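Biologist: I should like to learn how the features of a structural model are read. Please take me through them in order.

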Amino acid sequence: MALLEVKHIYKSFGGVKAIQDFSIEANAGEIHGIIGPNGAGKTTIFNTISGVYPAEQGQVFLDGKDITKLEQYKITRLGMGRTFQNIRLFSGLTVEENVMCAFDPQSRYSVVGGLLPTPNRRKEEKRGRELCAKYLEAVGMQDYIQERPENLSYGMQRRVEIARALMCEPKILLLDEPAAGLNPTEVAELTELIGRISQQFGFGILLIEHRLELVMSISHMIHVQNFGQTIAVGTPEQVQHDPQVIEAYLGKEE
Amino acid sequence: MSALVSNVLTQVFITLIAVAGVYVLTGLTGMFSLGQAAFMAIGAYASGLLVKNAHLPIPVAMVLAVLMAVAVGYLIGYPVVRLRRDYISLVTLGFGEAIAALLNRMTSLTGGASGLTGIPRTVGLGITAVSAVVAVALVASFKCSKYGRQCIALRGDPLAAQAMGINVTRVKMIAFLLSVALTAYSGCLYAFYMSYVDPSGFGWKKSADWVIMVFFGGVNSLTGSTIGAFVLSGLPQVLRGLQNYRYVIYAVLVLIILNFKPSGLLGEWELTPRNIKRLFARKKKPADKGEV
Ligand SMILES: Nc1ncnc2c1ncn2[C@@H]1O[C@H](COP(=O)(O)OP(=O)(O)OP(=O)(O)O)[C@@H](O)[C@H]1O
Ligand SMILES: [Mg+2]
């Protein structure tokens, strides 16, 4: 069984069929691109897999476990990390605290430790800060630990969000348009970053992206979505030459 | 110290403990309770009755009263931590008024509207001052812990918080129960300081007062909330001589602050060693420039 198995999921909002029969299998070390025009249902796929709302039909398995109807925070704890299309960092917290928030659910101290500086709390907080340092370094943000995210550039905020997702210790990482709003230099850096963390941490990645140069260059497989349906699956090479894709997606860009 | 000053300070410290609880609830976690004073009433009546009727030692009675309030808090918290913000205010408002009505009705036990009398007067300025300092220190520690961070995270974005593995309802419940425990404890101190409690002081107006104190000082700052509690609960006592004008002064002060600084007196500034250092560092800079 693959690390992530999504089997024939459906999701609609009123009359809008946002996902119709979507399936995917992903393993450690793989990068799967998901592309498609606006409103194709890409973000809804992520929301359904990660448990924001359950699929109406179909099943999702993570590492052999059925997570279809599980609550969102439980799915995260089983090994799912994600970023958001519109950056959703926590305001009122520093960069380090933002990343720590993804460690806190794993942190092993009780309410007593929440009120008093017990040795156990100190030990766990130290462990968390070390992991923060590790993941912020992995995305090149180690020098901004005490900054507030709102004072950082868009590209930097995206990196902090990736570090926060890494802190969830994911087996599968979901990246929703990580290059949106970035300039070409930043896109190149991000492409390198995604390839590198995929190697370094060995999780599987699902990547939604509009910037084709990014997604085509690092994905092993590409799913093309349109109006909730998968219109093509294949290697970047294959989908680029698929006439349906050219019509529905690539053609639109011209 | 004159009796008047001591009396004002004692009452301010008792209020401060409750306000520290409201800070956890409203400041850290973004939940508005209009029934918080009911937990103060539970603390006051339960501890008073346990001493008066069951003849328990006062500290034991206080611990039991706080635990009782927490148990009630757990029941009312079950819907509260799952509801949207505006509904939370409604549910807690209903709960608070129900408790006040209950205290009024159960005359044989509580003395009804004429109140519960004859509670031994054993609490003074010393114990309330120490309690207030400990309460604020515990809340400060809570804020810097994983719980405080998770509260701030879910306050701003519950969906993203869940996506990071945060069990939003559980963290909210912990924050709610901590605030209940603090409020109930302040009620215990109140009972044994006043030696008399009646239901009229525990309605939604008191709960709203506490929320105002938190907002006045800075909803994102424990330091600010503490100052808010001091100023706004001390002021009416100090201005007692001015009769009705004191409420006008109170209202004008609150309006001025919230108009010109919506995030409260201190915003989110906290009294920490690092922030103090920064404050002085910043003050120096303009002087340096002046010399050039
Ligand atoms: N929570 C929701 N409630 C109602 N409709 C929704 C909701 N989320 C998505 N939709 C609808 O579902 C469809 C798919 O939306 P989705 O956000 O998944 O598209 P997308 O492929 O991510 O688009 P984009 O490229 O613009 O991000 C759209 O028609 C959208 O309006
Ligand atoms: Mg989207």
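Modeller: We shall discuss the chain interface, salt bridges, a helix pair and one loop residue. This is a predicted model, in which local features need pLDDT of at least 70 and side-chain atom pairs count only at pLDDT 80 or more, while totals for chains, interfaces and linings use all residues. Residues are numbered from 1 along each chain as its sequence is written, chains are lettered from A and ligands numbered from 1 in the order in which they are written, and side-chain values use heavy atoms, with hydrogens and water left out.

Biologist: How many residues does each chain bring to the contact?

Modeller: Contact means heavy atoms within 4.5 Å. Chain A contributes 32 residues and chain B contributes 25 residues. Buried area is the accessible area (1.4 Å probe) that two parts lose on being put together, summed over both. Here the two chains bury about 2,600 Å², with 58% of it on carbon and sulfur atoms. On the chain B side, Lys146(B), Arg149(B) and Met164(B) lose the most area to chain A, together 28% of what that side buries.

Biologist: How many salt bridges cross the interface of chain B and chain A?

Modeller: Side chains of opposite charge can pair when their charged atoms come close. The rule requires a side-chain nitrogen of Lys or Arg within 4 Å of a carboxyl oxygen of Asp or Glu. It finds four across this interface. Arg149(B) forms a salt bridge with Glu125(A), with the closest N and O atoms 2.9 Å apart.

Biologist: Which parts of the sequence does the salt bridge of Asp63(A) with Lys171(A) tie together?

Modeller: The closest N and O atoms of Asp63(A) and Lys171(A) are 3.2 Å apart. Asp63(A) lies in the loop between β4 and β5 of chain A and Lys171(A) in the loop between α6 and β7 of chain A, so the pair ties together parts 108 residues apart in sequence. Helices (H or I, at least four residues) and strands (E, at least two) are DSSP runs, numbered from the N terminus.

Biologist: At what angle do the axes of α6(A) and α7(A) cross?

Modeller: Two packed helices are described by the angle between their axes and the distance between the axes. Axes are lines fitted to C-alpha atoms, for helices over the stretch in contact, and angles run from 0 to 180 degrees between N-to-C directions. The axes of α6(A) (residues 154–167) and α7(A) (residues 184–201) come within 12 Å and cross at roughly 10 degrees. That makes α6(A) roughly parallel (under 35 degrees) to α7(A).

Biologist: Where is Thr118(A) found?

Modeller: Thr118(A) is in the loop between α4 and α5 of chain A. Not counting residues up to four places away in sequence, Thr118(A) touches Val112(A) and Gly113(A).

Note on methods: Angles under 35 degrees count as roughly parallel, over 145 as roughly antiparallel, 65 to 115 as roughly perpendicular and the rest as oblique.
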